[in-house]
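Here is a brief report on a protein chain. Keep the sequence and the coordinates at hand while reading.

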Amino acid sequence: PGVSGWEVVTASVQVGINSAETANATCPGTKHVLGGGYSAPGDIDVHFSFPIGTNIWSVTGNRPVISLPGPPTLTAFAICANTN
């Protein structure tokens, strides 16, 4: 019994000005999400960062109308492993 096959999985989305997007990092196969987080530039407001079911870490963020130029990326991180 225990944890094996530990890995970090990522998923990224571009967030346009005055819009919201969700990035879902999904654990492969039968692995379970043990935790997670996100990376976002300063002009993305992250509203949610939580697990969905047993194998997804979901992050939702938006950019205000007044924002930095360029298409910033919101990235979700899932810590995945086999659990016995």
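## Surface patch and three residues

Val3, Trp6, Val8 and Leu34 make a nonpolar surface patch of about 430 Å². The model is predicted. Strand β1 (residues 3–14) gives the most to this patch, with three residues.

Three residues are compared below by relative accessible area.

| Residue | Place | Relative accessible area |
|---|---|---|
| Valine 8 | strand β1 | 43%, partly exposed |
| Phenylalanine 50 | strand β4 (residues 45–52) | 34%, partly exposed |
| Arginine 63 | loop between β5 (56–62) and β6 (73–83) | 2%, buried |

Buried means under 20% relative accessible area, so arginine 63, at 2%, counts as buried. Valine 8, at 43%, lies between the 20% and 50% limits and is therefore partly exposed.

What does arginine 63 touch beyond four places in sequence? Its contacts include Val15, Gly16, Ile17, Asn18 and Ser19. Asp43 and Ile44 are also among them. So are Leu68, Pro69, Gly70, Pro71 and Pro72. With aspartate 43 there is a polar contact, side chain to side chain, at 3.3 Å. Glycine 42 is 21 residues from arginine 63 in sequence, and their C-alpha atoms are 9.5 Å apart.

Phenylalanine 50 sits in strand β4. Outside four places in sequence, phenylalanine 50 is in contact with Ile56, Trp57 and Ser58. Isoleucine 17 is 33 residues away along the chain, with a C-alpha separation of 23 Å from phenylalanine 50.

Technical notes:
Residues are numbered from 1 along each chain as its sequence is written. This is a predicted model: local features need pLDDT of at least 70, side-chain atom pairs count only at pLDDT 80 or more; totals for chains, interfaces and linings use all residues. Side-chain values use heavy atoms; hydrogens and water are left out. Patches are made of residues with over 30% relative accessible area and no salt bridge: like charges are joined within 9 Å, nonpolar side chains (Val, Leu, Ile, Met, Phe, Trp, Tyr) within 5 Å. Accessible areas come from the Shrake-Rupley method with a 1.4 Å probe; for residues, only the protein chains shown count as cover. A salt bridge is a side-chain nitrogen of Lys or Arg within 4 Å of a carboxyl oxygen of Asp or Glu. Helices (H or I, at least four residues) and strands (E, at least two) are DSSP runs, numbered from the N terminus. Buried means under 20% relative accessible area, exposed over 50%, partly exposed in between (1.4 Å probe, protein chains only). Contact means heavy atoms within 4.5 Å. A polar contact is a pair of N or O atoms within 3.5 Å; within protein, one must be able to donate a hydrogen and the other to accept it, and residues adjacent in sequence count only if both atoms are side-chain atoms.
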